[in-house]
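Welcome! Open your viewer, get comfortable with the selection tool, and follow along stop by stop.

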Amino acid sequence: MNANMNTNEFEKLPFDCPNVALEKWIRKMAVVCQPDRIVLCDGSDQEWDALTDQLVESKTLIRLDPKLHPNSFLARSHPSDTARVEDRTFICSLRESDAGPTNHWRHPEKMKALLRDKFQGSMQGRTMYVVPFCMGPIDSPLALVGVELTDSPYVVVSMKIMCHMGQKVFRKLGAHGAFIPCLHSVGAPLAKGQSDSAWPCNDEKYIVHFPETREVWSFGSGYGGNALLGKKCVALRIASTIARDHGWMAEHMLIMGLESPDGVKTYLTAAFPSSCGKTNLAMITPPEDYQKAGWKTTLVGDDIAWLWPGKSGKLHAINPETGFFGVAPGTSWQSNPNAMHALSKNTIFTNVALTDQNGVWWEGLSAPPSHLIDWTGQDWTPQSGRLAAHANSRFTAPADQCPNIDPEWQNPEGVPIDAIVFGGRRPTTMPLIFQAFDWTHGVFLGATQGSETTAAASGTVGTVRRDPMAMLPFCGYNMGDYFAHWLDMRKHIRRLPRIFHVNWFRKDAQGNFLWPGFRQNIRVLEWIVKRCHGRIPGHETPIGWTPDWEDFCVEGLEGFTHDQFDAAMEFRREDFLAEITSQNQFFLKLYHSMPKELLCQHELLMARMA
Ligand code: OXD
Ligand code: MN
């Protein structure tokens with residue numbers, strides 16, 4: 001026990017807590033973690049000013065030039081704390097089979113005992129911040145209240161951007177409402193008089209989920225998804241188990257709207273494994289000729305979608321977050337002007353480079369400046385031969401700063417979804433676009449999606465890392481049961497969305513991309529929209545419905561020929577035979593819990609191939 005603290009010190013919290021269970025939990029955790037003080041956070045601008053001043057003082061944040069980046073800051077993390085730690089992420093259900101073969105499992109009691117030990121005194125010399133947060137529009141039927149106790153003020157200011165916070169959350173919680181307890185410590189207690197480091201963290205990290213009791217305990221990291229517990233931990237891992245139990249879906253998907261020239265608005269969601277350009281698609285700006293013709297795009301969310309059968313009979317979707325935690329490298333005025341507007345103020349950058357003008361820079365933003373301070377704080381020049389910004393450097397920016405944010409993005413009833421898109425980075429095999437025959441076939445496409453991990457420049461099939469529904473690191477329970485839940489949802493959705501598979505990354509034998517990608521992806525979205533509204537026929541192939549050349553708009557796409565279209569769309573039987581074998585290996589891993597319908601889909605694919 002902290003010598004400065006008597007056992008009863010936190011018998012009374014320094015604020016009025018409206019919820020009995022919450023008060024009891026905070027006091028209990030305070031006795032374990034032994035912080036020097038407890039502070040209730042409200043997510044206000046005054047609190048942001050005070051905490052960012054404090055973080056500048058402690059050298060965790062650097063204030064950027066106020067003209068270039070108003071109210072914005074740069075943080076440099078410890079080099080050992082730059083990304084999510086999947087091998088230290090645990091799902092602690094009572095039965096190992098409930099976590100399934102794709103998750104790391106520990107028995108909840110054993111893990112709690114171990115964690116109690118880790119958290120014992122972990123906040124000594126620090127403040128315990130109490131962060132009440134709400135994932136989802138506050139009045140949405142799906143909105144979930146959580147409370148994060150954290151000793152990281154960087155987490156508090158990031159949470160202000162990423163989720164609803166403060167008194168309105170307390171009001172929603174009320175005296176007896178349920179909340180998801182989320183305990184977080186960077187795991188770096190300070191002895192009396194010991195000076196702090198700019199980015200305290202611990203070499204040993206535990207990102208732990210108790211799906212049955214709906215709790216999160218995170219120890220040792222201050223970075224992103226490890227520490228902002230509303231995001232991957234609550235809105236995906238815990239929410240996916242709540243969703244399974246209550247008939248909805250928590251998915252790792254962007255949500256966007258497309259308005260066609262006739263004024264019809266179509267919403268879609270899309271799930272891609274990482275580094276497939278999800279944020280760029282979510283924020284896509286149509287090419288000028290499409291804009292002139294009247295096409296408009298809007299953004300509802302860039303990372304997570306919660307879906308449920310809504311009043312319209314369709315699946316409805318909300319974005320549970322209020323900000324973007326986007327990858328900086330590659331983001332530029334050319335690749336993603338909407339993101340650049342979104343991060344133009346009130347933004348926290350982490351692990352990007354600092355310019356001599358106190359601005360920020362990362363690879364892919366512009367031509368490299370002649371001098372920078374890199375993400376590790378060292379001088380950098382283009383001759384340095386290393387990255388100036390970490391490959392996983394990020395911007396944390398408010399979503400409502402995105403110029404094309406959808407007017408309905410905070411509608412508690414969500415937006416009605418007409419299409420679900422899966423995809424991956426596949427240099428071979430997968431055509432640019434095809435449509436599933438039906439819901440079950442669509443679930444099969446999601447279950448087998450993935451990206452090739454080895455370059456296949458010569459046109460041969462590489463190793464595919466399967467990432468079903470892009471949920472491999474984020475599903476809070478057994479992946480086979482998750483597929484069964486997807487299949488079961490079909491019974492509850494009166495007006496099913498159509499399901500599609502896209503691949504922007506197919507290459508020719510010389511390693512050149514067969515499709516221009518980026519803004520031109522709107523042409524693929526146009527085909528999807530038209531298919532959703534039954535406006536054009538599809539062409540039936542063994543793998544699904546594909547577009548005919550006549551129905552796919554290439555007008556204005558300089559030099560894109562019929563032959564190129566055929567190459568991007570080519571279905572090669574020999575590639576698919578290899579694909580079937582590789583899918584089989586993944587299905588075998590999940591065999592015991594795999595729904596028979598999906599094994600049957602696999603058989604059907606083989607039969608169509610034969
Ligand atoms: C993310 C991820 O950071 O999916 O969104 O890893
Ligand atoms: Mn993500």
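Which residues coordinate the manganese ion (ligand 2)? Select the ion and look around: Lys232 through NZ, His252 through NE2 and Asp303 through OD coordinate the manganese ion (ligand 2), at 2.2 Å. Keep in mind as you go that this is a predicted model.

**Stop 1: around the metal**

Now follow the donors along the chain, where they are spaced as K-x19-H-x50-D. Select helix α8 (residues 230-246) to find lysine 232, then the loop between β12 (249-251) and β13 (254-259) to find histidine 252; the pair therefore ties together parts that are 20 residues apart in sequence. Are these two buried or exposed? Both lysine 232 and histidine 252 are buried.

**Stop 2: a covered helix**

Next, select residues 522-532, which form helix α14. How many of its residues are buried? The count is 10 of 11, so α14 is mostly covered. Try colouring the buried ones, among them Ile522, Leu525, Trp527 and Cys532. Arg523, Glu526 and Arg531 are on the buried list too. Then step just past the end of α14 to glycine 534, where phi is positive, at about 65°.

**Stop 3: two helices side by side**

Two packed helices are described by the angle between their axes and the distance between the axes. Select residues 573-589 for helix α16 and residues 596-609 for helix α17. Their axes come within 11 Å and cross at roughly 160°. Angles over 145 degrees count as roughly antiparallel, and therefore α16 and α17 are roughly antiparallel to each other. The crossing of α16 past α17 is left-handed.

Which residues make the contact? On the α16 side, show Arg573, Phe576, Leu577, Ile580, Gln583, Asn584 and Phe587. On the α17 side, show Leu598, Leu599, His602, Leu605, Met606, Arg608 and Met609. Colour this contact by residue type and you get nine nonpolar, three polar and two charged residues.

**Stop 4: one leucine up close**

Finish by centring the view on leucine 605 in helix α17. Why does leucine 605 count as buried? Its relative accessibility is 3%, and buried means under 20%. Show what leucine 605 touches beyond its sequence neighbours up to four places away: Phe444, Pro542, Ile543, Ile580 and Gln583. Of these, Ile580 and Gln583 belong to the α16 side of the helix contact you have just seen. For a last look, draw a C-alpha to C-alpha line from leucine 605 to histidine 441: the two are 164 residues apart in sequence and 9.6 Å apart in space.

Terms used
Residues are numbered from 1 along each chain as its sequence is written. Chains are lettered from A and ligands numbered from 1 in the order in which they are written. This is a predicted model: local features need pLDDT of at least 70, side-chain atom pairs count only at pLDDT 80 or more; totals for chains, interfaces and linings use all residues. Side-chain values use heavy atoms; hydrogens and water are left out. Axes are lines fitted to C-alpha atoms, for helices over the stretch in contact, and angles run from 0 to 180 degrees between N-to-C directions. Helices (H or I, at least four residues) and strands (E, at least two) are DSSP runs, numbered from the N terminus. Angles under 35 degrees count as roughly parallel, over 145 as roughly antiparallel, 65 to 115 as roughly perpendicular and the rest as oblique. A crossing is left-handed if the near helix is turned anticlockwise from the far one by less than a right angle, and right-handed if clockwise. Contact means heavy atoms within 4.5 Å. Ala, Val, Leu, Ile, Met, Phe, Trp, Tyr, Cys and Pro count as nonpolar, Asp, Glu, Lys and Arg as charged, and the others, Gly among them, as polar. Donors are N, O and S atoms within 2.8 Å of the metal (3.2 Å for Na, K and Ca); water is not among the atoms, so sites may look incomplete. Buried means under 20% relative accessible area, exposed over 50%, partly exposed in between (1.4 Å probe, protein chains only).
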